[in-house]
Amino acid sequence: MRELVILCVEDEPEVRTVLVRDLEPFARAARIEEMTDAAEAREVIATLATAGDQVGLVLCDHRLPGLRGVDFLVELQADPRTRAAKKVLVTGQAGLDDTIRALNEARIDHYIAKPWAVRDLQRIVRALLTDFVIEHADDLLPYVRVLDGERILEALSDRLDD
Amino acid sequence: MTRTRLVGLVAAPVVFVLPLVADVPGLGVAGERMLAIFLVALVLWVTEAFPLHATAMLIIGLQVALVSEQAVVALPGGTELPHFSAFYQALAHPIIVLLLGGFFLADGAAKYRLTRNFARLLLGPLGGSPRLLVLGVMAVTALFSMFMSNTATSATMIAVVLAVTATLPPEHRLRVALPVSVPVAANVGGLGTPIGSPPSAIALANLAEAGVRLAFVEWMLLTMPFVLLTLVLGWVVIIALFPPGPARVEVPIEVSFDRSGKAWFFYAVFVITVLLWLSEPVHGVESTIVGFLPVPVLLAAGVFTLDDVAGLRWNVLWLVAGGLALSTGVAATGLDAWLLGLVGWHTLPALLLVLLLGVVALGFSTVISNSATANLLVPLGLSLAASPAVAAEPLAVAVIIAAGCSMAMILPVSTPPNAIAYATGALRIKDLATVGGITALVGLTAMTVLGLQVWSTLGVLP
C-alpha cells in the first residue's frame with residue numbers, strides 16, 4: 001500500500017525534535033520524515049516518488065538556510081508530486097509580503113505561529129490530514145482511529161456499498 | 001492487481017468460451033449461450049475482476065447480443081427468445097424504482113443529519129444502563145438500516161458509538177460491545193424492509209416475477225419476527241461475552257435538528273412515504289408506485305439538487321438490475337431447469353433444502369458481495385421451489401436466501417458494515433466471528449424451522 005508521509009522541514013534541531021514529538025499521535029497514520037532545508041527535502045521527495053509514497057502534509061519553517069520556507073512551498077505547489085499535499089507554514093518571522101505570497105502562490109492551508117500550543121498543532125494536523133486522505137487515499141479504513149473518525153466514516157459511507 | 005482479480009480475468013473468457021464450443025448435453029444453443037453468460041457472471045462477481053456494477057452491465061449487454069430475439073449472432077430458427085428490450089427493462093424494474101425512492105429518502109436523511117441527531121436523541125436517556133445502551137444502539141441501528149443502506153447506517157452509528165466509548169477507560173467492555181453490536185444490527189436490519197438492503201429487494205423482485213407479489217408490510221411480516229429474534233439473540237451473545245457492568249456511562253446528547261424550510265419539507269415527505277408504504281393494505285397502492293413519490297417531489301422542491309442526483313448510488317441499482325436481467329435470461333432459455341437437474345434435489349427433505357440454501361447464501365456472501373450472492377442464488381432457489389420434484393414454499397426459499405445474504409457478519413471483509421466496525425480497532429477478528437457467526441447460524445436455523453409456522457400464524461402465506 002502507498003504510505004502516507006508528513007514532511008517536517010526545520011533547521012533548528014531542538015525545534016524539530018519538539019515538532020516531531022508533538023506529531024507522535026499521527027505516527028500510526030503517516031510516516032514522519034525530518035529534514036533541515038529545501039535541498040534535503042527535494043531529495044526526500046524524489047525518493048518518496050520513486051517508492052510510490054504520498055506526501056500528505058508539509059510543515060515548513062520560514063527561516064531556512066538556502067531557499068526560504070515560503071519560496072520552497074511555492075515550489076512544492078508547482079510540483080505535481082506535491083501539489084495535492086497540505087501545506088503549513090510554521091514560523092515566527094515571516095513578513096507581510098512573504099505571508100501574502102505564501103497564501104496566494106503557495107496556497108498554504110494553515111499558518112502556525114511559533115511557539116505553538118500542542119493541542120492547536122494536533123487539531124490542525126488532524127483536520128488537514130483528514131482532508132487529504134478523504135481527497136486522495138485509496139483506502140480510508142486505516143485512518144478511522146487516528147484522524148477525524150466521524151468525517152472519515154461519513155466519507156466511507158459515500159464510498160462503500162452494501 | 002490482486003491475485004483473485006487476475007484469476008477472474010483469466011478464467012472469465014475460458015468459462016465463456018467452453019459452453020459455446022463444446023456441446024453441452026441437454027442444452028440448446030440458446031441455453032449454451034446463457035450458460036456461458038451465467039458462468040462469466042459467477043466468475044466476475046466472485047473475483048471482482050471488474051467492479052460489480054460493470055459486470056452487471058456486461059451481463060445485460062451480452063444477453064441482448066446473444067440470447068435475445070434480435071441476437072447479433074443469429075440463433076437456429078424456431079428458438080423462442082425474449083425481445084431485447086426485456087433485458088433493458090431490468091434497469092427500470094418496479095423494484096429498481098422502489099430502491100431509487102428509498103435512496104432519495106436515505107440520502108436526504110444523511111444530508112439533513114436526521115439519523116445522527118435521531119440516534120443521539122434516542123440513546124441519550126440510556127446511559128444509566130450500559131446493557132440497555134447496547135440494546136438501544138442495536139435497535140436504532142436496525143431501524144435505520146431498514147430504510148438506509150447498511151453501510152451508511154453503520155458509519156453514522158459507529159461515529160455515535162465512538163463518541164460514547166471515547167469517554168470510557170481503556171479496559172471498559174463497552175469499548176468492544178458497542179462497536180461489535182453495530183454491524184450485527186445493521187446487517188440484520190437490512191432484511192426488515194424491501195428497501196433495507198439489495199438482497200431483500202432482489203428477493204422481492206424475483207418473487208414478483210414468479211407471480212408472488214408482496215406488499216411492503218407483508219415482507220416486513222415475513223422478516224421482522226426473525227429480525228427481532230436475531231437482534232435479541234445478538235444482544236444476549238454480546239452481553240454474555242462482554243458484560244459491561246452496571247456503572248453509568250455518558251452519552252453525548254448534543255442534538256441539533258435542521259429546522260430550515262427545506263429540511264421540514266424533507267421530513268414531511270419522508271414520513272408520508274413511509275406511512276404510505278406501511279398502509280398499503282388500507283389504500284391498495286403498491287409500494288413500487290408509492291416509492292416513486294419522493295423522486296419528483298424532492299427534485300421539484302429543490303431539496304434534491306443535481307449534485308445529490310449525481311451522488312446517488314446508481315451502481316447499486318445497476319448491480320441489482322444486472323441480476324434481474326440475468327434471472328430473466330436464465331428462465332427464458334431454460335438454463336434454470338438444466339442447472340437444477342444437475343443435482344438430485346428430491347433426495348433432500350424440503351426443510352433441509354431450505355436451510356441448505358440459506359447456509360450456501362451465508363457462505364457465499366461471507367466472501368463475496370451480498371447483492372451479487374442474491375443475484376445468483378435467488379432465481380435458482382425460486383426455480384428449484386417451483387420444480388415438481390421439490391415441495392418447498394417459494395416465499396420461504398426467497399426469504400431464507402435473502403436472510404443468508406444479509407447475515408454475512410463473520411469476517412471484516414464480508415460487508416462494509418463489518419469493515420467499518422473493525423476499522424475502529426476496538427474488536428479482534430475473533431470477536432466479530434464469534435458474535436456474528438453464532439447470531440447468523442442460530443437466526444437462520446430458527447427461520448427455517450419456525451418460519452412456515454410463524455408465517456401461517458401471521459397470515460402471510462398465500
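Helix 22 of chain B supplies the largest share of the lining of the largest pocket, contributing 4 residues, and this pocket is a convenient place to enter the structure, which is a predicted model. The space in the largest pocket comes to about 1,300 Å³. Its lining consists of 42 residues, and those closest to the centre are A:Leu141, A:Leu160, B:Glu48, B:Val413 and B:Pro416. Several helices each give at least two residues to this lining: from chain A there is helix 6 (149-159), and from chain B there are helix 1 (3-21), helix 2 (29-47), helix 3 (52-66), helix 17 (314-332) and helix 22 (416-423). Sorted by class, the residues of the lining are 23 nonpolar, 10 polar and 9 charged.

Helix 6 of chain A, already met as a contributor to the pocket lining, also packs against helix 5 (residues 118-136) of chain A, with an angle of about 5° between them and their axes 10 Å apart. Because angles under 35 degrees count as roughly parallel, helix 5 of chain A and helix 6 of chain A are described as roughly parallel to each other. On the side of helix 5 of chain A, the residues that take part are A:Ala127, A:Thr130, A:Asp131, A:Val133 and A:Ile134, and they meet A:Arg151, A:Ile152, A:Ala155 and A:Arg159 in helix 6 of chain A. By class, this contact between the two helices has 5 nonpolar, 1 polar and 3 charged residues.

Elsewhere in chain A, the reader can turn to the sheet, an open arrangement of 5 strands that follow the order 2-1-3-4-5 with parallel pairing. Its edges are formed by strand 2 (31-35) and strand 5 (110-113) of chain A, each of which pairs on one side only, and from one strand to the next the twist averages 20°. Within the sheet, strand 3 (residues 54-61) and strand 4 (residues 86-91) of chain A run parallel and are joined by 5 bridges; A:Leu59, for instance, has A:Val88 in strand 4 of chain A as its bridge partner.

Two helices of chain A can then be placed against this sheet. Helix 1 (residues 13-22) of chain A packs on the sheet and touches strand 1 (4-9), strand 2 and strand 3 of chain A, its direction making about 175° with that of strand 2 of chain A. Helix 3 (residues 69-78) of chain A likewise packs on the sheet, where it touches strand 1, strand 3 and strand 4 of chain A, and its direction makes about 175° with that of strand 4 of chain A.

Conventions:
Residues numbered from 1 in each chain as written. Chains lettered and ligands numbered in written order. Predicted model: local features only at pLDDT ≥ 70, side-chain atom pairs only at ≥ 80, totals over all residues. Heavy atoms only, no water. Pairing = 2+ DSSP bridges. Axes fitted to C-alpha atoms, helices over the stretch in contact; angles between N-to-C directions. Contact = heavy atoms within 4.5 Å. 1 Å grid on protein atoms, 1.4 Å probe; cavity = no way out; pocket = protein on both sides within 12 Å on 5 of 7 lines; lining within 4 Å. Points joined across faces, edges and corners; volume = space filled by probe spheres on them. Nonpolar A, V, L, I, M, F, W, Y, C, P; charged D, E, K, R; others polar. Parallel < 35°, antiparallel > 145°, perpendicular 65-115°, else oblique.
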